[in-house]
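Q: I'm new to reading protein models and would like a close look at one part of this one. Could you walk me through it slowly, in plain words?

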Amino acid sequence: MHFQTKNTMRIMNGAALARKIRSVLTIEIEFCKNKYGRSPKLSVILVGNDPASMTYVKSKGKACNEIGIESDLHFLPFSTSQDELLALIRQLNEDDSVDGILVQLPVPKHIDKNVILSAIDYHKDVDGLHPMNVGLLNTAGDCIIPCTPKGILSLLKSEGIEIAGKHAVVIGRSNLVGKPMAQLMLRENASVTVCHSKTRDLPYLTRQGEILIVAIGCPNLINADMIKPGAVVVDVGINSVDNKLVGDVYNSIDVSSIEKKAAAITPVPGGVGPMTIASLLENTFEIYKRRMKVAL
Ligand code: NAD
């Protein structure tokens with residue numbers, strides 16, 4: 001009854017936390033640059049000219065430059081062969097001035113994504129997608145954590161959301177979001193259910209989630225009836241509907257019913273997106289600090 005009548009839902013402001021993270025990083029990076037004589041550097045590679053990927057790469061470069069990280073953007077034509085891409089990656093692996101290397105996904109079909117991700121020096125693998133980093137995450141080792149799950153965890157913690165002992169339901173099992181998110185929740189001592197496109201009774205499982213993390217890429221798949229009253233909902237999905245950016249959960253159709261159900265939610269835009277970029281900046285600086293043997 002309480003949840004049907006009272007709107008108490010909190011919006012988890014990822015944009016505000018990301019701003020705080022960026023201002024701390026700006027000060028630390030300036031300090032390191034003065035002390036060690038060089039800035040951190042992120043190299044980003046894009047093959048082809050997919051407009052969304054082009055926007056992502058440019059915004060990553062801009063975010064770096066705003067806080068004193070050097071960015072080095074490589075725009076390669078769609079016709080680039082796998083061997084040519086591998087040659088560039090080898091060159092960046094060996095370049096001492098480069099800390100982080102990121103290949104923007106998806107790559108064209110004639111290039112094997114797994115071969116490319118494995119070719120990046122795993123110490124410079126700022127996206128945490130190299131098999132070594134994936135394995136280390138699964139064995140609770142010291143590794144580079146993929147930016148989106150890392151950003152979500154930081155946001156939940158900064159919002160004071162208790163994770164240990166909770167039932168976290170993660171929808172999606174990609175290496176980029178779903179799987180590492182589930183691992184991070186396990187590391188935080190949540191009980192975890194992972195759902196995906198073959199899951200039979202999705203509403204039954206989502207209704208168990210005290211923390212519900214939705215990373216599908218399909219608007220309107222999750223509605224208010226599928227949310228446990230009082231749940232914390234993380235809406236990772238990015239979809240364009242009528243030229244408007246919406247998530248998988250919190251969109252114009254179902255807003256008021258969701259507001260009556262969830263205790264807290266991430267908005268789209270302004271939730272997970274800015275935290276992903278902030279985590280990319282953090283990862284780049286962490287790699288720099290390891291390589292320069294900096295202790296701050
Ligand atoms: P993906 O396509 O690799 O994975 C989607 C997952 O959804 C799959 O594991 C699939 O099994 C699952 N799925 C699909 N249909 C389903 C269904 N009917 N029921 C249950 N599960 C279903 O995508 P991804 O890279 O993991 O990204 C997911 C979404 O998150 C996308 O919208 C992407 O744009 C967004 N994303 C946002 C950010 C951000 O910074 N905000 C970062 C990364 C990804």
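What follows is a look at helix 11 and the places linked to it.

A: Sure, let's start with a caution: this is a predicted model. Helix 11 covers residues 272-292, and there are two aromatic residues in it to look at. Phenylalanine 285 and tyrosine 288 sit 3 residues apart on this helix, which is about one turn. Their rings form a stacked aromatic pair, with 5.9 Å from centre to centre and 20 degrees between the planes. Why is that called stacked? Because planes under 30 degrees apart count as stacked, and the angle here is 20 degrees. The search for such pairs comes to a count of 1.

Now, are these two rings buried or exposed? Phenylalanine 285 has 1% relative accessibility, so it counts as buried. Tyrosine 288 is at 0%, and it counts as buried too. The cut-off behind that word is simple: buried means under 20% relative accessible area.

Tyrosine 288 also leads us to another spot, because serine 39 touches it, and serine 39 counts as buried at 11% relative accessibility. You'll find serine 39 in the loop between helix 2 (14-36) and strand 2 (41-47). Leaving out residues up to four places away in sequence, serine 39 touches Lys33, Gly68, Asp99 and Tyr288.

Back on helix 11, look at arginine 291. Which residue does arginine 291 form a salt bridge with? The partner is aspartate 96, and the closest N and O atoms are 3.7 Å apart. Aspartate 96 lies in the loop between helix 4 (82-94) and strand 4 (100-103), while arginine 291 is in helix 11, so this pair ties together parts that are 195 residues apart in sequence. The two ends of the bridge fall into separate classes: aspartate 96 counts as exposed at 61% relative accessibility, whereas arginine 291 counts as partly exposed at 28%. And there's more to this corner of the model. Salt bridges with shared partners join Arg38, Asp96, Asp99 and Arg291 into one network. Asp99 may ring a bell, as it is one of the residues that serine 39 touches.

How many salt bridges does a search of the whole structure find? It finds 8. Two others are handy to set beside the one on helix 11. Glutamate 70 and lysine 41 meet through their side chains at 3.9 Å, N to O. Glutamate 70 is in strand 3 (residues 70-76) and lysine 41 is in strand 2, so this bridge ties together parts 29 residues apart in sequence. Glutamate 70 is partly exposed, with a relative accessible area of 40%, but lysine 41 counts as buried at 13%.

The other one stays inside a single helix. Glutamate 66 and lysine 62 form a salt bridge at 3.2 Å, N to O, and both lie in helix 3 (residues 51-66), 4 residues apart, or about one turn. Lysine 62 counts as exposed, at 54% relative accessibility.

To recap, helix 11 holds the stacked pair of phenylalanine 285 and tyrosine 288, and its arginine 291 reaches a residue 195 places away in sequence. From tyrosine 288, the contact with serine 39 takes you to the loop between helix 2 and strand 2.

Key
Residues are numbered from 1 along each chain as its sequence is written. This is a predicted model: local features need pLDDT of at least 70, side-chain atom pairs count only at pLDDT 80 or more; totals for chains, interfaces and linings use all residues. Side-chain values use heavy atoms; hydrogens and water are left out. Buried means under 20% relative accessible area, exposed over 50%, partly exposed in between (1.4 Å probe, protein chains only). Contact means heavy atoms within 4.5 Å. Rings of Phe, Tyr and Trp (its six-membered ring) pair if their centres lie within 6.5 Å; planes under 30 degrees apart count as stacked, over 60 as edge-to-face and the rest as tilted. A salt bridge is a side-chain nitrogen of Lys or Arg within 4 Å of a carboxyl oxygen of Asp or Glu.
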